[in-house]
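Got your viewer open? Load the model, get comfortable with the mouse, and let's take a walk through it.

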Amino acid sequence: MNDKNKMARQFIEALPHSRALGMVLEELDAGTAVISLPYDEKLIGDPKTGVVHGGAVSALMDTSCGAAVMSHPSNPHGTATIDLRIEYLRAATPGQRITTKATCYHVTRSVAFVRATARDEEAESLVATATGTFTVEAQR
Amino acid sequence: MSRPRPEPVQVIKQRRDGVLRALVEGVPYIQFLGIEFERRGNELTAVLPFKDELIGNPLLPALHGGATSAFLEVTAIITLSWAFIWEDMESGALDVTNLTPDKLPRLPKTIDFTVDYLRSGLPRDGYARARINRSGRRYASVHVEAWQDHREKLYAQATGHFVMPNRQA
């Protein structure tokens, strides 16, 4: 991992909201980020089933998409979400870790385009997908 | 023709506030984020009191986009569920004594949710209201707006689609 990615990792793991949720950065490489979220009862959105709240999945998606932008070889100084759309394909299985993989597949001078997927431990089927656009902040 | 005497105001308030409390307190993630709901008649306003745990960018500082989207999604789901419960709550079809979360109907399930981040969330309280644009037997479409200091200056808005729970026969 180069210095740039080391800095990005430190930055991501220091985000207070991501820490509070318990996110773990698994991989970060040239426009791709993998972040996981261990199951925790505080994340439950449906008390009858114990399924994690969609909001926690979208926080995970947003963080991994932002991380993918930050790690892109075009070297953005900073980023912020412009728009993020999430599709919830199925309920995540209660008790299982959710892992998102985000790919920043195109960057212009001002905008980064990102796609992401989320899986639980039943890795063959997706839990959610996301597409987003992010700002690209230039070096000052 | 005589209409029935209106219920005493305290009875109405107690019933409505009790159901709303059961609805909101039953969801651990709402408690984790610290979201509260204020009620004026049937209109709900969600409040997200600021705390450090909601920060995404410590340098600015700014609220985490994920905290904002969760706030909007919670507001949409609770507003939708509240509208779904309303009639049964008012007619007495829903038993509101000793109400616990497991006696309430299932929550609507999110199909998709699109968040528009209009300006960075400042380190202070946020407010949100949802408008149900369409709620049919199976699907609902909801728009949510969130603001901080000025009602007109939104910091985020979202549109989502939901699958509604089955009505008890």
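What follows is a stop-by-stop tour of this predicted model.

**Stop 1: where the chains meet**

Colour chain A and chain B separately, then look at the contact between them. How many residues does each chain bring? Chain B puts in 37 residues and chain A puts in 33 residues. Between them the two chains bury about 2600 Å², and 58% of that is on carbon and sulfur atoms. Now select B:Y29, B:F32 and B:H64: within chain B, these lose the most area to chain A, together 22% of what that side buries.

**Stop 2: polar links across the interface**

Show side chains along the interface. There are two salt bridges between chain B and chain A. For one of them, select B:D112 and A:R85, where the closest N and O atoms are 3.5 Å apart. If you list polar contacts between the chains, counting pairs with both residues at pLDDT 80 or more, the tally is 15 residue pairs.

Next, highlight some elements of chain B: α2 (28-33), β3 (55-57), α3 (65-91) and β5 (109-117). Each of them supplies at least two residues to the side that touches chain A. Colour that side of chain B by class and you get 21 nonpolar, nine polar and seven charged residues.

**Stop 3: the second largest pocket**

Switch on a surface and select A:V51, A:V52, A:A91, B:K109 and B:T110. These are the closest to the centre of the second largest pocket, out of 23 residues that line it. Its volume is about 470 Å³.

Which elements build the lining? From chain A, β3 (44-46), β4 (51-52) and α3 (54-70) each supply at least two residues, as do α3 and β5 of chain B. The biggest share comes from β5 of chain B, with three residues. By class, the lining divides into 13 nonpolar, five polar and five charged residues.

**Stop 4: an enclosed space**

Rolling a probe the size of a water molecule over the atoms shows where empty space is left. Here the count comes to one cavity of 30 Å³ or more, with a volume of about 80 Å³. To find this cavity, select A:D46, A:P47 and A:K48 from chain A, then add residues of chain B, including B:A22, B:L23, B:G26, B:V27 and B:P101. B:L104, B:P105, B:R106 and B:L107 are also part of the lining. Eight of the lining residues are nonpolar, one is polar and three are charged.

**Stop 5: two backbone details**

Zoom in on B:L60 and B:P61. Is the peptide bond between B:L60 and B:P61 cis or trans? The bond is cis, with omega near -15 degrees. B:P61 sits in the loop between β3 and β4 (62-63) of chain B.

For the last selection, hop over to A:A30, in the loop between β1 (24-29) and β2 (32-37) of chain A. A:A30 is not a glycine, yet its phi is positive, at about 40 degrees.

Notes. Residues numbered from 1 in each chain as written. Chains lettered and ligands numbered in written order. Predicted model: local features only at pLDDT ≥ 70, side-chain atom pairs only at ≥ 80, totals over all residues. Heavy atoms only, no water. 1 Å grid on protein atoms, 1.4 Å probe; cavity = no way out; pocket = protein on both sides within 12 Å on 5 of 7 lines; lining within 4 Å. Points joined across faces, edges and corners; volume = space filled by probe spheres on them. Nonpolar A, V, L, I, M, F, W, Y, C, P; charged D, E, K, R; others polar. Contact = heavy atoms within 4.5 Å. Buried area = accessible area lost by both parts, 1.4 Å probe. Salt bridge = Lys/Arg side-chain N within 4 Å of Asp/Glu carboxyl O. Polar contact = N/O pair within 3.5 Å; in protein donor to acceptor, adjacent residues only side chain to side chain. Helix = DSSP H or I, 4+ residues; strand = E, 2+ residues; numbered from the N terminus.
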